[in-house]
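Here are some exercises to work through with the structure open beside you. Try each task first, then follow the solution step by step.

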Amino acid sequence: MKNSRCDMSELTCQRYLLAPIRSPMLYSPSHWFLRHRLKLRSLALLVAMDDHSSLQRAADALGMTQPAASKMLAELEALWGVPLFQRFPRGVEATACGAVVIRHARNVLSELNHMGDELADLRGQAESQIAVGSIKAPALSMVPRAIVEFQSQFAHASINLTVDSSPALMAKLQRDELDIVVGRMSSGGEAQHFEYEELVQGQPVQVVARRAHPWQRRQKVAWNELAQASWIIPPQGSLLRVKFDALFVQQKMLPPPKQVETQDLDTIRRLLSQTDMLAVLTDEVAQACDGKRLACLTEMLPLQMQGFGLITRRGRTLSSSVLAMKAILQTVGRSQYV
């Protein structure tokens, strides 16, 4: 018989699991995590299982044997009296209660990492390491400007920049693989876990082709012609790709079958200049691609992308260097887009 507690909502799970630690005296020996001697290694196991979707791979990542990891997980589930993961042939997946525990486990481990950074700041030994994520458009101009300004203020700064779609960046931010993201906020339920500050309200979308393209002088192109054309489009999972495919679905047509999925600007430029392919790009990316051989086909598709802004994970304490980067991104973004 299925355990009914496994079906509890996240809010119910949070109340059930975390009510004992809401006392202001977090050091009280009566608290469950002290009475049961909860170990940081146990929290690390839960986070690793969520990252790898596998008990064996999580054990390998922590340098544990699989039986030891299995025993540790069983002890945690017995402690709270609820299953934290569901087992499938392909691996494991967190239950609703497990997702609550994992989110707080990430917070605990993240705060401990930041503690070391802040102590290094106080000792004057800090070597700032910032992990920034950005969608394509701001990564072409705004983010590089912010990085230059940041490094002029932090002599020992080390920055890792990841350019990807908003959903992929948000997933990395949730796993604490990124400190801050310049991207688009999803309207889904996961939005409650993030803080968002808008920089741009909306972005036009352009269709780019070579200047000698047969459609450059056309006032209007039929939907069946658009569906038969060869397109350069963003990869699956990007919001622009979703909107592009939805346009054809609204016309009761399948999306164009002739597609090249890439976000690499050099590849896009080469393909456009040498063929009759079309590329669907946000306005800022289109301007970066535009040159002597390329031009925008005006009003080809009724597309508009939502705005983007700065995103951080709610509940996470940001280090002084991350706060500095956030302030610089705010300043540079407002000067560029407002």
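To sort lining residues, Ala, Val, Leu, Ile, Met, Phe, Trp, Tyr, Cys and Pro count as nonpolar, Asp, Glu, Lys and Arg as charged, and the others, Gly among them, as polar. The model is a predicted one, in which local features need pLDDT of at least 70 and side-chain atom pairs pLDDT 80 or more, while totals for chains, interfaces and linings use all residues. Residues are numbered from 1 along each chain as its sequence is written, and side-chain values use heavy atoms, with hydrogens and water left out.

**Exercise 1. Describe the largest cavity and its lining.**

Step 1. A cavity is a set of points on a 1 Å grid over the protein atoms alone where a 1.4 Å probe fits but cannot get out; lining residues have an atom within 4 Å of a point. A volume is the space filled by probe spheres set on the points, which are joined across faces, edges and corners.

Step 2. Searching the whole structure gives one cavity of 30 Å³ or more, and the volume of the largest cavity is about 270 Å³.

Step 3. Its lining has 22 residues, with Lys-136, Pro-234, Leu-240, Gln-263 and Thr-282 nearest the centre. Two or more lining residues come from each of helix H7 (136-140), strand S7 (231-233), helix H11 (239-250), helix H12 (265-274) and strand S9 (278-282). Here helices (H or I, at least four residues) and strands (E, at least two) are DSSP runs, numbered from the N terminus. S9 provides the largest share, three residues.

Step 4. Now sort the lining by type: 13 residues are nonpolar, six polar and three charged.

**Exercise 2. Find the partners of Asp-176 and Arg-241, and say whether each residue is buried or partly exposed.**

Step 1. A salt bridge needs a side-chain nitrogen of Lys or Arg within 4 Å of a carboxyl oxygen of Asp or Glu. By this rule there are 14 salt bridges.

Step 2. Asp-176 pairs with Arg-313, their closest N and O atoms being 3.0 Å apart. Asp-176 sits in the loop between helix H9 (166-174) and strand S5 (180-183), and Arg-313 in strand S11 (residues 304-313), so the pair ties together parts that are 137 residues apart in sequence.

Step 3. Buried means under 20% relative accessible area, exposed over 50%, and partly exposed in between (1.4 Å probe, protein chains only). Asp-176 is partly exposed at 21%, whereas Arg-313 is buried at 4%.

Step 4. Arg-241 meets Glu-261 in a salt bridge of 2.9 Å, N to O. Arg-241 belongs to helix H11 and Glu-261 to strand S8 (residues 259-261), so this pair ties together parts that are 20 residues apart in sequence. Arg-241 is buried at 3%, and Glu-261 is partly exposed at 42%.

**Exercise 3. Work out how exposed Glu-177 and Lys-172 are, and how far apart their closest N and O atoms lie.**

Step 1. Glu-177 forms a salt bridge with Lys-172, with 3.8 Å between the closest N and O atoms.

Step 2. Glu-177 has a relative accessible area of 38%, so it is partly exposed; Lys-172, at 24%, is partly exposed.

**Exercise 4. Place Pro-302 in the structure.**

Step 1. Pro-302 is in the loop between strand S10 (294-297) and S11.

Step 2. Its relative accessible area is 60%, so Pro-302 is exposed.

Step 3. The C-alpha atoms of Pro-302 and Val-205 are 8.2 Å apart, although the two residues are separated by 97 residues along the chain.

Definitions and conventions
1 Å grid on protein atoms, 1.4 Å probe; cavity = no way out; pocket = protein on both sides within 12 Å on 5 of 7 lines; lining within 4 Å.
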